[in-house]
Amino acid sequence: MAVALRALLCPARAPVRLLLRAPARLSSAGTQFQYLVVEKKGAKQNVGVIQLNRPKALNALCNGLMNEMNQALDFFEKDPHVGAIVITGSEKAFAAGADIKEMQNRTFQECYGGNFLAHWNKVSLVRKPVIAAVNGYALGGGCELAMMCDIIYAGEKAQFGQPEILLGTIPGAGGTQRLTRAVGKSLAMEMVLTGDRISAQEAKEAGLVSKIYPVEKLLEEAISCGEKIAGNSKLITAMAKEAVNAAFEMTLTEGNKMEKRLFHATFATDDRKEGMAAFVEKRKANFTDH
C-alpha cells in the first residue's frame, strides 16, 4: 500500500491555465481551467471530454479541481450538440484520491456544518450519460469519481481501491455505497476494511468495469462509445438513464412502475415516432430530441 499512500498524499502543484474549446456562439475567450483539459471529440464533435490534469499530484482531487469539474459538466449539459461525456485522467492515474493536504486539518464541525464533499456528487446528477475512462490508479476519491459515472472502461493496467482506512477514515463520496452495489458485500467489505486494490481484470469480473482495453486505446474506445450514445435521441437517452438508475434506489415493483411510466412517456415524443418509422421504412433515424 506504499504506492497508494504516496498517491493519496501527493502534493498539489502550481496550476496551468488551459482553455475550454467553446462553440462559436459563446465568448471567444471560452472558460479557463487550472486543473482540467476540456474539449469536444468525435467525428461530429458531439462527445464532451474532461481530462484531469494534475500530473505531479497523480490527479489528486482538490477542491479547485472538483469545482472546475462541475463547471465543465454544466457546460456540456447545456450544450445541445453534446450527447455524452467522457471523464479521464492520464495513463499513470485516473485519480489517485482526494487531496489529503486539503483535508488534514479540517474539524468535525467544519465537515458536518459545511456538508464537506457534497458538491462532488454533481457527476452522478448529470442527465447526459457519463463514461469513465480509467487508466492507472483509481483510488479513494478517484474510485468514487469513476463509480459516479454511468459506464466504466478500464485500461489493462488500471487499479481500483478504497484505501481510506489506512488514513484513519472511511470513504466519504459514495465509496461504501456504490462499491457494494457494484461488486457485492464481501468484496466491497474486503476492499474498504483492508485498503487493498483490485486489478482491471478483477474489477471486470466483479462487475465494476464493463470493458478493458489496451492503455493506448482506452480513451479512443470510450469516445467511440460516447459517439454511439450521442447518435441516439438525447431525450430518450436521458429517460433510459433515469430508468436504469432507479434500479438502485427502488424496489423491483416500484422500479417497474417507474419504467412503465417512462416507456409510456416516450410515445409523446417525436423521436419515438421517428425511430419506429425509420425501422419500418428500413432507413436511419433522424432524431431531433423532441
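How many bridges join E7 to E9, and do these strands run parallel or antiparallel? Some notes to help you find your way around, starting with that one.

1. The answer first: E7 and E9 run parallel and are joined by four bridges. Within that pairing, Val-134 sits opposite Ala-154 in E9. Bear in mind as you read that this is a predicted model.

2. Now step back to the sheet these strands belong to. It is an open sheet of six strands, in the order E3-E4-E5-E7-E9-E12, and its pairing is mixed. E3 (36-41) and E12 (211-213) are the edge strands; each has a single partner strand, so one side of each is left without a neighbour in the sheet. On average, neighbouring strands here are turned by 20° against each other, direction ignored.

3. E7 has another partner worth a look. Four bridges join E5 (residues 84-88) to E7 (residues 130-134), and the two run parallel. If you want a spot to zoom in on, Thr-88 stands opposite Ala-133 in E7.

4. Is E7 mostly covered or mostly open? Mostly covered: five of its five residues are buried. In a regular strand, side chains alternate between the two faces of the sheet. In E7, Val-130, Ala-132 and Val-134 point one way, while Ile-131 and Ala-133 point the other way, and all of them are buried.

5. At the E3 end, the pairing with E4 is antiparallel, with six bridges. Lys-40 has Gly-48 in E4 as its bridge partner. The two strands make a hairpin with five residues between them, and Gly-42 in the turn has a positive phi of about 100°.

6. One helix to pick out against this sheet is H10. H10 lies across E3, E4 (47-52), E5, E7, E9 and E12, and runs at about 155° to E9.

7. There is also an open sheet of four strands, ordered E6-E8-E10-E11, again with mixed pairing. Why does E6 (93-95) have a side without a neighbour in the sheet? E6 stands at an edge, as does E11 (197-199), and each has a single partner strand, so one side of each is left without a neighbour. The twist averages 20° from one strand to the next.

8. In that sheet, two bridges join E6 to E8 (residues 137-139), and these strands run parallel. Ala-95 has Ala-138 in E8 as its bridge partner. H6 packs on the sheet, touching E6, E8 and E10 (159-161), and its direction makes about 95° with that of E8.

9. Finally, have a look at the largest pocket, with a volume of about 840 Å³. It is lined by 28 residues; Met-147, Cys-149, Asp-150, Asn-245 and Phe-248 lie nearest its centre. The elements giving two or more residues to the lining are H6 (141-148), E9 (151-155), H7 (175-183), H10 (218-230) and H11 (234-246).

10. Which element gives the most to that lining? H11 does, with seven residues. By class, the lining has 14 nonpolar, seven polar and seven charged residues. Some names from earlier points come back here: H10, which lies across the six strands of point 2, and H6, which packs on the sheet of point 7, are both among the elements that give two or more residues to the pocket lining.

Methods. Residues are numbered from 1 along each chain as its sequence is written. This is a predicted model: local features need pLDDT of at least 70, side-chain atom pairs count only at pLDDT 80 or more; totals for chains, interfaces and linings use all residues. Side-chain values use heavy atoms; hydrogens and water are left out. On a 1 Å grid over the protein atoms alone, a cavity is a set of points where a 1.4 Å probe fits but cannot get out, and a pocket is an open set with protein on both sides within 12 Å along at least five of seven lines; lining residues have an atom within 4 Å of a point. Grid points are joined across faces, edges and corners, and a volume is the space filled by probe spheres set on the points. Ala, Val, Leu, Ile, Met, Phe, Trp, Tyr, Cys and Pro count as nonpolar, Asp, Glu, Lys and Arg as charged, and the others, Gly among them, as polar. Two strands pair if DSSP finds at least two bridges between them. Axes are lines fitted to C-alpha atoms, for helices over the stretch in contact, and angles run from 0 to 180 degrees between N-to-C directions. Contact means heavy atoms within 4.5 Å. Buried means under 20% relative accessible area, exposed over 50%, partly exposed in between (1.4 Å probe, protein chains only).
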